[in-house]
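Grab a pencil and let's work through a few exercises together. Each one has a task, then a solution in steps.

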Amino acid sequence: MLVYVFLISFLVSSVILLAPQKWTINQGDLAGVQKFHEYGTPRIGGGAVFAGLSVGLYMLGQQVELLLVLWLASLPVFIVGLYEDFSARVSPLIRLISAFFSITIAYFLLDIGIFSLGLEWADYVLSNYTTASLLFTLLVVGGAINSLNIIDGFNGLLGGYSILASLAIAYVAYILGDSLILQLSLTLVCSILGFFVLNFPFGKIFMGDGGAYFVGFIMAIIGLILADRHEELSVWFVLLIFIYPMYELLFSIYRRKIIHKTDASQPDANHLHSLVYRKLISCKLFKQNKVICNSMVSPLMWLLSLIGIVPAVIWYNHQEKLIISVFVFMFFYTAIYKYISSEEFNLTH
């Protein structure tokens, strides 16, 4: 089954690349401060991931109702994101609302949300007040969904991180004997891989908003379902899996709003991965091949993400260690960012 999922994703990605560019590339593809590729590149690779996973969900053949609701819940955020990839006309607010709509469907129809944090007062509120738990779930899962969109731009960055995170969830599901979540996670991995082989290292196609939102939603909900099905698994496991993109998002909001006094929703080129590209990757080593220079950023950021993912896997059932690991990651990220962003630091010269 997993081979079929990979092939479907790969074939759809290939069709997108072979289709006329007027159908697959919007005019704003090269515009904006976060664009690093030189030529128009399809940003609708999320369609391939969606197709692969949809076929995989159909072929799983177990707990059909749960899988159907999961698929239906993903549609609002995926469709709105995909429309943005084609049109570049969907406001951030509308995209956020679509994410909230998908999360709300999962919350009520799958009874999946954040109802416990391991803190007595918070657990009381979250477990006894539906409005509080729903709002908190919208905040956290919505943040996770949007955070993945931030890291879609460098060849392989989003796809590689998503594969690592999904494999971590799959491994813990295997340890806990949860065959459904294991198969779900591996199905997601294979649907991403079919796209990934054309995205890294040559950047032929990008996942786009639709893909980033879709993968973020599916990964977050799969993680929460796993936590809900196993008492020994803390929701902090899921948070730690997502800590790299989520802290990137939170730090970016802090940097724009508090430090620079600018609109937090406006994109810029000062994310950590952007700084790594400008100040750490020397294109002289790659004969000025900007595509390869672009691709060299991703392995470094994958390593950074493992500072969160590896402790999550090791201490999946130790809540205190998971919480400590969250703060350890934030410390390392902040220290690395401040060091690389300093005016004195530049290895490219």
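Leu-11 sits in helix α1, where a helix is a DSSP run of H or I with at least four residues, numbered from the N terminus. Before we go on: this is a predicted model, where local features need pLDDT of at least 70, side-chain atom pairs count only at pLDDT 80 or more, and totals for chains, interfaces and linings use all residues. Residues are numbered from 1 along each chain as its sequence is written, and side-chain values use heavy atoms, leaving out hydrogens and water.

**Exercise 1.** Find which residues form a nonpolar patch with Leu-11 on the surface.

*Solution.* Step one: Leu-11 is joined by Met-1, Val-3, Tyr-4, Leu-7, Tyr-58 and Met-59. (Patch members have over 30% relative accessible area and no salt bridge, and nonpolar side chains, meaning Val, Leu, Ile, Met, Phe, Trp or Tyr, are joined within 5 Å; a salt bridge is a Lys or Arg side-chain nitrogen within 4 Å of an Asp or Glu carboxyl oxygen.) Together they have about 750 Å² of accessible area, by the Shrake-Rupley method with a 1.4 Å probe. Step two: α1 (2-18) and α3 (46-60) each give two or more residues. Step three: α1 gives the most, with four.

**Exercise 2.** Decide whether Thr-187 is buried or exposed.

*Solution.* Step one: locate Thr-187 in helix α9, residues 179-199. Step two: its relative accessibility is 0%, so Thr-187 counts as buried (under 20%; exposed is over 50%, partly exposed in between, 1.4 Å probe, protein chains only). Step three: leaving aside residues up to four places away in sequence, Thr-187 touches Met-1, Leu-2, Val-5, Leu-53, Gly-56 and Leu-60, with heavy atoms within 4.5 Å.

Notes:
Patch = residues over 30% accessible without salt bridge, like charges linked within 9 Å, V, L, I, M, F, W, Y side chains within 5 Å.
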